[in-house]
Every structure is written in C-alpha cells, then in structure tokens.
Amino acid sequence: MSPERYLPETLGPGCAFLDYDNDGWLDIYLVNSGPSDFYQPSQPIRNALYHNNRDGTFTDVTEAAGVAGGTFGMGVAVGDYNNDGYPDMFVTACGRALLYRNNRDGTFTNVTKQAGIEISGWTTSAVWFDFDNDGRLDLFVCSFVRYLLEDRRSCGGNEKGQKYYCIPRAFHPTVSYLFRNNGDGTFTEVGHGTVIGKTLGKSLGVVATDINNDGWMDLFVANDTEPNFLFLNRGANKWEEIGVSAEVSYGENGQARSGMGVDSGDFDNDGWQDLFVANIDQEKFSLYRNLKNQIFADVAQSQSIAQATRLLSGWGLKFFDYDNDGDLDLVLANGHPDDMVSQRSQSVTYREPLLLFHQVNGKFQNVSGEAGPAFARSFSARGLAVGDFDNDGRLDLLIGVNGGAPLFLKNQSGTGNHWLGVKLEGQSCNRDAMGARIIWSAGGRKRSRLKISGGSYLSSHDPREILGLGPARNLEWLEIHWPRPSSRIDRFTNLAVDRYIKIIEGKGIS
C-alpha cells in the first residue's frame, strides 16, 4: 500500500488453475501488481507460474515460460483461443493488458499487439466464450473506471491527516470490450456497435452462461456502485441488456450495490442456470433463482446466505460440489477493500473469514466452522479459483490475498462419495467445449451441468468437470450435448468411476 492510497492497490490479485503443458496435472498462475504510471516498485514485482511436480509440490517456471507480466496486474482468463489443444492466457491490468499465446513447448509468447487486443485502461475480470457459435473462443473484458492522472484525486484526510481509498462512486464509469476471434490469430472489437459498447459501468466480475437455454452464451456482469448487467445473446452479435427486467441489476431497496464476484450454476438441478453476486458490507449477497422466463428471484434470505454475509465484502466465489454428493455447494472469499474501515466501524473489519455453504435437501447450510483451520482465520481475500491439483477427484481452492501470500487449500472431504472427472475436447465446436451441457444418471438420479466460462473474480478454474455421484458405484449413462456449431449428442453407458476420462467430440473416450 502506498501513502497515496491509489485505488488499484486494493482490487487485486487474481489467480488461475491451468494445465499449461498438457501433462494432466494442474499448474498455478498468480497475478501481481507491478510498475505503472502511478507506481514504481522499489524492487521488481512480477506474476508467477508454478509447474505441478505431481508430488504435492510446485516449481516456479515463470522466467523460463516468459509470463512474468510487467504491468500492474489484476486478473487472468484462461482459454484455448486458437484451438491447438493448449491453454492461452489473457492478463488484465490497470494499464496494459497482455495476451500470452501458448507455444506448446512450456513457453508463451506475448502476442497482444499482433492479435489486436491492445487495451490501456483499467481492466479487471475477463472471460473466454464462443458468443457467435462459430467454434472459436471470443473474449469479453470487464472495464472498471477511468483512472487518468486527473482522476486520481484524494478522498480527503481524516482527523489524523491520513489518506484513504476512494469509493469507486468518485470515478467515471467506462465501457467493457467484446473481441471476436477472427480465426487467424487476430481479434476484432465488436462490442462498440452493440449495447455492450454503449452501456457505461464499473465492471468487476463476469460469467458466461446460458440463462434461457437457447444455445447462445449470455453474460452476467457485476458492477461496483452501478447497476449489474445481464447481456442476453440474441445471436448475430445482437445483445439485449435485461438486468432491470430480470431483477438482477439492483438490490431489494432499488439501489445499485457494489457488485464484485459473480457465478452461475444450476444449484436446484432444474435444468436452468441460477446466478450469484457478492457485494460490500451492509448490502447482502444475492442468490438468484432462475424462474425460467428471463426473470430471477433473490432467495439469499430464505437460504440464510444474506444474513451470513451482511457484514462481509465478497470477491472470489464459486458454485462447486466439494463433497461429490451431486449437489452444488458454495464457497466465498471475503475482505473489505478499505484497510482503515475498522476506524469508522465497530462491526466491519479489513480482513474477513472465508465462508463455505453445503447444500442439503435444497438448503444451503453454513459449515464454515467445520471446514478446517483456514476457515477460522481472516484474510484480505480477492480472487478464488477451484481445481483438483492432486487428481484425487476433489476440488481444491486457490485464493489470492491482497498484500499477502496466496492461500492454497487441499480438499479432504467427501471421501465416501464417488465421482467421474471429464475433460471435454471439441472438434467442430470450440476446443474447450464452453457451452456444452453434461447430463448424467447415477443411483437412479438424473443431473445436468452447463459448462460455463469464467465466474468468481479475476480468476480461472480447472477446465475439467467433476461429476459427483454420491454413494453410487457406477455411472448408468452420460450424455454430452456439444455446443454449436456441432449440436451433436454423444452418449455413454455403464462407465467406471473414480477416474478421469477425456471425451472427444464424435470420437468417444480416449
């Protein structure tokens, strides 16, 4: 933290799980701050890539891989934009964003300029998804506020003459970016001619999902002190912003809140994607149930989530089935953005606890007290990624901490339940199979999951899907509904469990 209290200092960092060398084991990427026009570190600061040694340890390979960054980093979005089977990375920043193309030999090349994605503003979360269903991943990038020299005003001093971090309300909103993949390694910004490029916001979190089951991926965007956006994809790069009519833009009192982390998942297993958004203290977080008519109902109160989060500020978060019982659970990483908040509040602190909710019979139960020693501590947590780093079939947690070391939590729960890990590989659809629907039956119970993209805050997750089977010892059947332009359905029966498999579109299990 600088004495000047520059706002970008308080928003990062993000993190990612990715298998950059395709050896079947998840590696880790951590984003850091760095030099900018308002900050020059006294000692070099860089991002970090850690290679998974497959024995519970990691090796720092940042310099050899060529992904040190060199900007004031924020977050990272991982996706195979050139369909070569290796994950690429887009790193957001307050300043120059970076596109790293995977060279398939353990190294990356900075191709930002030649790809046509030169952004010099303040970008936060980003998401790779195929918005036009042409089989190539496109890119949506959240833009936060205008942060030029004349904007960096002090919020004033308190009685001791100290400066503190501004509320984003003091800054001008901006428009986010939508880049279409041209298929030749370059991108074209196509959001400016749509409602996306005409809607000002202060965007922090984004998830690509399909809220109306029409096969076109939509975007739910969290805004800080501005209404949230729900961009409905009508195809042919036609978008409709329906946040107000869908009842996800404002809080229950009709005011815009400080939206930060978001996610999407079908928590009630009715085949329709629900939404979640985290806010700052006193605003409560929202769990939006999809009513199947492009309208959502906030059920955070009846699910006891609103009460548990009233004094917290939420950033990274994720729907995930941590115990493999087949029902989606929820994890929240929290921390107040202002390190001096306790000077003006007796109930809100800068460092805050993590929260874990377990879903039982359709109700979320706060089980943080039973989740391990880390949940008894408090952090200035920001980005959160989920992934199975040790390939034991249980999703682990990686959390970026503002001003501190990252938090790495190994999942030791759900040992009595069975699972199947699925890595999807598209052929005519995008290689990552974003937008695919997975439907399966185990123990006589049918479930489904949409392969969304993004979610949480500034972070990227394990590209594999782990299907929780509960006590069932075999998978009766599994269907993969591949996204357009494929629309193919592949079906498998009587699959052995407690293992990972790769399914290639139209070619079966490899």
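**Exercise 1.** Decide whether Glu-465 is buried or exposed.

*Solution.* Start with the thresholds: buried means under 20% relative accessible area, exposed over 50%, partly exposed in between (1.4 Å probe, protein chains only). Glu-465 has 13% relative accessibility, so Glu-465 counts as buried.

The model is predicted: local features need pLDDT of at least 70, side-chain atom pairs count only at pLDDT 80 or more, and totals for chains, interfaces and linings use all residues. Residues are numbered from 1 along each chain as its sequence is written, and side-chain values use heavy atoms, with hydrogens and water left out.

**Exercise 2.** Place Glu-465 in its strand and list its partners.

*Solution.* Step one: the element. Strand β34 covers residues 465-470 and holds Glu-465. Strands are DSSP runs (E, at least two residues), helices likewise (H or I, at least four), numbered from the N terminus.

Step two: the contacts (heavy atoms within 4.5 Å). Setting aside neighbours within four places in sequence, Glu-465 touches Leu-420, Gly-421, Val-422, Ile-438, Arg-449 and Lys-451.

Step three: the polar contact. This term means a pair of N or O atoms within 3.5 Å; within protein, one must be able to donate a hydrogen and the other to accept it, and residues adjacent in sequence count only if both atoms are side-chain atoms. The side chains of Glu-465 and Arg-449 form one at 3.2 Å.

**Exercise 3.** Describe the setting of Asp-80.

*Solution.* Step one: Asp-80 sits in the loop between β5 (73-79) and β6 (88-93). Step two: its relative accessible area is 1%, so Asp-80 is buried.

Step three: beyond four places in sequence, Asp-80 is in contact with Gly-85, Tyr-86, Pro-87, Asp-88, Leu-137, Arg-431 and Asp-432. The Asp-80 side chain reaches the backbone nitrogen of Gly-85 at 2.7 Å.

Step four: compare the positions of Asp-80 and Gly-421. They are 341 residues apart in sequence and 20 Å apart in space, C-alpha to C-alpha.

**Exercise 4.** Test the protein chain against the radius of gyration of a compact globule.

*Solution.* Step one: the rule is 2.2 Å times the number of residues to the power 0.38, with the radius taken over C-alpha atoms. Step two: for 510 residues a compact globule would come near 24 Å; the chain has 21 Å, which agrees.

Step three: add the extent. The C-alpha trace spans about 70 × 50 × 50 Å along its principal axes.

Step four: add the make-up. The chain has 3 helices and 38 strands. Of its 510 residues, 61% count as buried. Among contacts between residues at least 6 apart in sequence, 58% join residues at least 24 apart.
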